[in-house]
Structures are given as C-alpha cells and as structure tokens.
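Here are some notes to read alongside the model on your screen. Take them one at a time, and find each residue as you go.

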4 protein chains.
Amino acid sequence: MEQEPQALAHADAKETPAGHEHGYSGRKDEHLKRLRRVEGQVRGLQRMVSEDEYCIDILTQVSAATKALQSFALSLLEEHLGHCVANAVEKGGPEADAKVKEASQAIARLVRS
Amino acid sequence: MEQEPQALAHADAKETPAGHEHGYSGRKDEHLKRLRRVEGQVRGLQRMVSEDEYCIDILTQVSAATKALQSFALSLLEEHLGHCVANAVEKGGPEADAKVKEASQAIARLVRS
Amino acid sequence: MEQEPQALAHADAKETPAGHEHGYSGRKDEHLKRLRRVEGQVRGLQRMVSEDEYCIDILTQVSAATKALQSFALSLLEEHLGHCVANAVEKGGPEADAKVKEASQAIARLVRS
Amino acid sequence: MEQEPQALAHADAKETPAGHEHGYSGRKDEHLKRLRRVEGQVRGLQRMVSEDEYCIDILTQVSAATKALQSFALSLLEEHLGHCVANAVEKGGPEADAKVKEASQAIARLVRS
C-alpha cells in the first residue's frame with residue numbers, strides 16, 4: 001500500500017524543467033487537505049465498526065468518503081487535461097495521441113469504479 | 001470527521017441482547033483489516049501528491065481505493081440485509097417496512113456515489 | 001437482445017398464486033412509463049449522432065438516460081426487498097439466505113455498473 | 001424526449017468545414033449500431049416488466065444496458081478529447097480553457113451518474 005512500484009516508471013518526470021511540471025502542482029495544498037479529510041473519514045469508519053455502530057450510519061459514511069475521493073480525482077483530472085494533455089497536444093505527434101488514450105483509460109476506470 | 005453525531009440516535013442498539021447484534025459483528029476483524037488497507041491507500045495518495053507523482057498513477061490509486069470502499073460497503077450491506085432487515089421482517093409490522101425503506105435509501109446512495 | 005433465456009428458469013414464478021406475485025406488479029404502469037421514456041432518450045441519442053450534434057450535448061443525454069435507468073432499478077429493487085425477499089425471510093430456511101445473497105449480488109452489479 | 005432544444009446552439013457546428021467536424025463522425029455507424037442495441041435492451045426491459053419476469057433478471061438487464069450506455073459515452077468522450085478539445089488546445093486562448101472545463105464537467109456527470 002505504501003509503495004506504488006508502477007510509479008517508478010514516471011520518476012524522471014519529477015526532474016523535468018518548469019513548464020513541464022504536473023498540472024496539480026499549484027493546488028497541492030488543497031489536494032493534500034482534501035486527502036487528509038478522506039483519511040479521517042476512513043479512520044472514522046474503523047472506529048464505527050469497532051464500536052458496533054449501526055450499519056446504515058456506516059454505509060452513509062462510506063458514501064461520503066467515496067464522493068470525496070471522486071471529487072479529488074475529478075479535480076486532478078481536470079488539471080491533467082489542462083496541462084499534461086494540452087502540452088502533449090500542442091507538440092503533436094504520437095505522444096499527443098498516447099496522452100489522450102491514457103487519459104481516456106483513466107476516465108473509464110473512474111466511471112466504472 | 002472523527003465524530004458522527006447522527007450515530008448517537010442508535011447508540012442504544014449496542015446494548016441490545018444477543019440475537020439483535022449487528023450483522024457485521026462476526027466479521028469485524030475482516031472489516032477492520034479491509035479499512036486499514038483503505039487508510040493505507042489514502043495515505044499513499046497523500047505521499048504521491050507530495051512527491052509530485054504522475055497524475056494518471058494517482059488516478060489509478062484513487063480507483064483502487066474507491067473499489068475497496070465499495071467492496072466493504074457491499075459486504076456490510078449483505079450482512080445488514082441478512083440480519084437487521086431479516087429480523088425486522090420476521091417480526092413484521094411498520095418496523096419491517098421502515099427497515100426495507102432505510103436499506104433501499106442506503107443502496108441508492110451507494111449506487112449514486 | 002429481444003430474448004433473455006435465463007429468465008426461463010423463473011417462468012413458473014408467473015403462475016404462483018396471489019401473495020407471491022412480484023413486488024413490482026402494483027407499479028407496473030409506472031415502470032413501463034418510465035422505461036418508455038428511457039427508450040425515447042436512447043432514440044434521441046441515435047438522432048443526435050445521425051445529425052452530428054455536439055459531443056457534449058450527447059454525453060449530457062447519456063447521463064440523463066443512465067440516471068433514469070438507475071432510478072427504475074432502485075425502485076424495482078426496493079419492491080423486491082419488501083416482497084420477494086421479505087416473503088422468503090418469513091418462511092426462513094435456506095431459501096431465505098439464498099434470496100438475500102441473490103439480492104446482494106444484484107446490488108453489487110448495480111453499484112459497479 | 002424527442003427534442004433537445006439546447007442542441008440548437010451548436011447547430012452551426014454541422015456546417016463547419018472538414019477538419020473541424022466532430023470527432024465521432026468517423027465512427028458514426030459503430031455508435032448507431034451500439035445505440036440500437038441499447039434501444040433493444042430497453043425494449044426488452046419493457047417486455048420483461050409486462051410479462052412479470054423475475055425482478056433479479058430485470059435488474060441484470062438494467063446493469064447490461066447501463067454498461068452499454070457507459071461504453072458508448074466513454075468512446076464518444078475519447079474522440080471528443082482527441083478532436084474537439086485537441087483542436088481548441090492547438091489554437092490556444094480562452095477557447096482552449098473553456099473546452100477543457102466543458103469536457104471535465106461532462107466527465108464529472110458521467111462519474112456521478
């Protein structure tokens with residue numbers, strides 16, 4: 001959980017010069033704040049299960065955490081389309097098509113999850 | 001996040017005698033293990049954002065965490081239908097209808113989230 | 001599309017006496033009206049594609065049709081829980097467990113679709 | 001249902017010269033074939049309700065129709081990103097931002113429906 005080996009393939013992206021930074025860099029604090037809130041919700045769920053709280057209240061909290069994760073994903077995706085994908089499209093060529101394809105697959109995973 | 005005031009309304013449910021305990025009591029350890037894994041995924045997301053990892057890898061991790069939350073919810077719901085709702089239906093009366101209605105609303109929230 | 005062979009296994013359910021009829025029988029007209037509206041939406045989508053309408057408008061119409069299908073499913077499910085599942089639970093035995101399991105699997109399919 | 005007045009605002013898009021046509025034009029036949037299949041599924045649902053078929057079988061068919069609509073939407077969206085959005089991004093300016101925003105909102109509607 002604490003390791004995402006597939007991310008290593010993109011590790012070099014971190015060293016790219018200004019202008020090629022990830023779209024979400026500017027809103028990092030906002031994203032981290034949002035994710036810490038989701039972490040709190042998931043810890044709240046553990047406490048609710050430990051204390052035998054009512055099933056329906058737990059399900060309501062799951063829906064809230066799921067929606068919060070989705071909002072984070074949608075916000076990240078919008079930045080990705082406006083930065084990474086837009087940059088690739090401006091340069092054109094096969095990289096542009098690959099970025100559109102990659103983004104579409106990520107969208108499909110979100111819609112189906 | 002750490003407090004769910006609405007749950008207080010059901011606090012007395014904890015003191016109900018054996019046979020009326022929540023459906024999920026028997027699988028508490030399994031649920032807690034699953035939720036700790038989701039917490040690890042959400043912490044992984046924070047680390048990924050902090051370290052400027054690639055947007056698409058972050059979105060993939062969001063999909064995984066969302067699916068894990070959904071699986072927890074579906075497992076809890078099945079137990080709820082088989083215990084709390086089934087108990088209410090066996091007793092009959094308005095309480096039975098109320099439990100079916102309440103479960104249906106929770107399902108609707110899950111389907112729409 | 002016009003045939004659902006798996007439904008044959010339940011064909012005998014149609015001949016069960018009053019009281020065992022499907023939960024949705026009472027709201028059949030409402031369900032049919034709703035489904036005819038969805039059919040109209042899907043035909044509208046065909047016309048939009050034929051006439052080269054704008055992608056985003058087509059996607060908006062898809063979201064509307066999807067939501068309408070979900071509302072129909074949730075309404076049917078609530079009736080199913082309140083009738084078929086409740087009847088099985090009142091009788092008890094393995095049939096009760098099987099009905100709860102079957103309903104839970106249908107809910108999982110809805111949540112994941 | 002048979003009219004989508006908001007689409008009129010985009011009616012002029014139909015007369016744009018080659019190169020500016022909608023991304024989905026090339027796969028129109030495939031899209032129409034897919035939508036006719038969804039229409040058949042929705043008509044199948046009406047027949048199933050009329051003939052009092054088993055609730056769970058109806059719900060299974062709803063999940064199939066919902067998934068088919070989603071696949072259509074995802075395919076259309078990919079073409080939209082690769083054509084309309086990419087064209088706007090290449091031209092740059094406020095129109096590019098507007099197209100990315102508009103696509104992101106359509107994605108959010110799909111994820112939440």
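1. Let's begin with how copies are compared: they are superposed by least squares on the C-alpha atoms of residues with pLDDT of at least 70 in both. Keep in mind that this is a predicted model. With that in hand, chain D can be laid on chain A by a turn of 180° and a shift of 0.0 Å along the axis, with an RMSD of 0.0 Å. The two copies are thus related as by a two-fold rotation axis. The contact surface is shared as well: 100% of the contact residues of chain D recur in chain A.

2. Which residue of chain D comes closest to the rotation axis? It is Val111(D), whose C-alpha lies at 2.2 Å.

3. Now look at where these two chains meet. Here 18 residues of chain D are in contact with 18 residues of chain A. On the chain D side, the elements that give two or more residues are α2 and α3 (94-112). Sorted by class, that side of chain D has 12 nonpolar, three polar and three charged residues.

4. Chain A is a good place to learn the layout of a single chain. Its elements run α-α-α from the N terminus on, with three helices and zero strands in total. Of its 113 residues, 44% count as buried. Take the contacts in chain A between residues at least 6 apart in sequence: 53% of them join residues at least 24 apart.

5. Next, try a small check on helix α3 of chain C. The helix has 19 residues (94-112), and at 1.5 Å a residue it should span 27 Å. Its end C-alpha atoms are 27 Å apart, which agrees.

6. Stay with that helix and ask which of its residues are buried. In α3(C) they are Ala96(C), Lys99(C), Val100(C), Ala103(C), Ala106(C), Ile107(C) and Leu110(C). They cover an arc of only 125° around the axis, which puts them on the same side of α3(C). The face turned away from that buried side carries the exposed residues Pro94(C) and Ala98(C). As for partners, the buried residues of α3(C) pack against α2 (55-91) and α3 (94-112) of chain B, α2 (55-91) of chain C and α2 (55-91) of chain D.

7. The largest nonpolar core has 123 residues, and those touching the most other members are Leu59(A), Leu59(B), Leu59(C) and Leu59(D). The largest share of this core, 19 residues, comes from helix α2 (residues 55-91) of chain A. To see one of these leucines at work, pick Leu59(D): leaving aside neighbours within four places in sequence, it is in contact with Ala73(C), Leu76(C), Leu77(C), Ala106(C) and Leu110(C).

8. Finally, visit the loops. Most residues other than glycine have a negative phi. Asp52(C), in the loop between α1 (28-50) and α2 of chain C, has a positive phi near 55°. Asp52(D) sits in the loop between α1 (28-50) and α2 of chain D, and its phi is also positive, near 55°. Is Asp52(C) buried or partly exposed? With 19 other C-beta atoms within 10 Å, Asp52(C) is partly exposed, because a residue needs 20 or more to count as buried.

9. One more loop residue is Gly93(B), found between α2 and α3 of chain B. Gly93(B) has 9 other C-beta atoms within 10 Å and is exposed. Its C-alpha atom is separated by 27 Å from that of Ala73(B), 20 residues apart along the chain.

Technical notes: Residues numbered from 1 in each chain as written. Chains lettered and ligands numbered in written order. Predicted model: local features only at pLDDT ≥ 70, side-chain atom pairs only at ≥ 80, totals over all residues. Helix = DSSP H or I, 4+ residues; strand = E, 2+ residues; numbered from the N terminus. Expected span 1.5 Å × (residues − 1). Buried ≥ 20, exposed ≤ 12 C-beta atoms within 10 Å, placed from the backbone. Arc of directions from axis to C-beta. Contact = placed C-beta atoms within 7 Å. Core = buried A, V, L, I, M, F, W, Y, C linked by C-beta atoms within 7 Å. Nonpolar A, V, L, I, M, F, W, Y, C, P; charged D, E, K, R; others polar.
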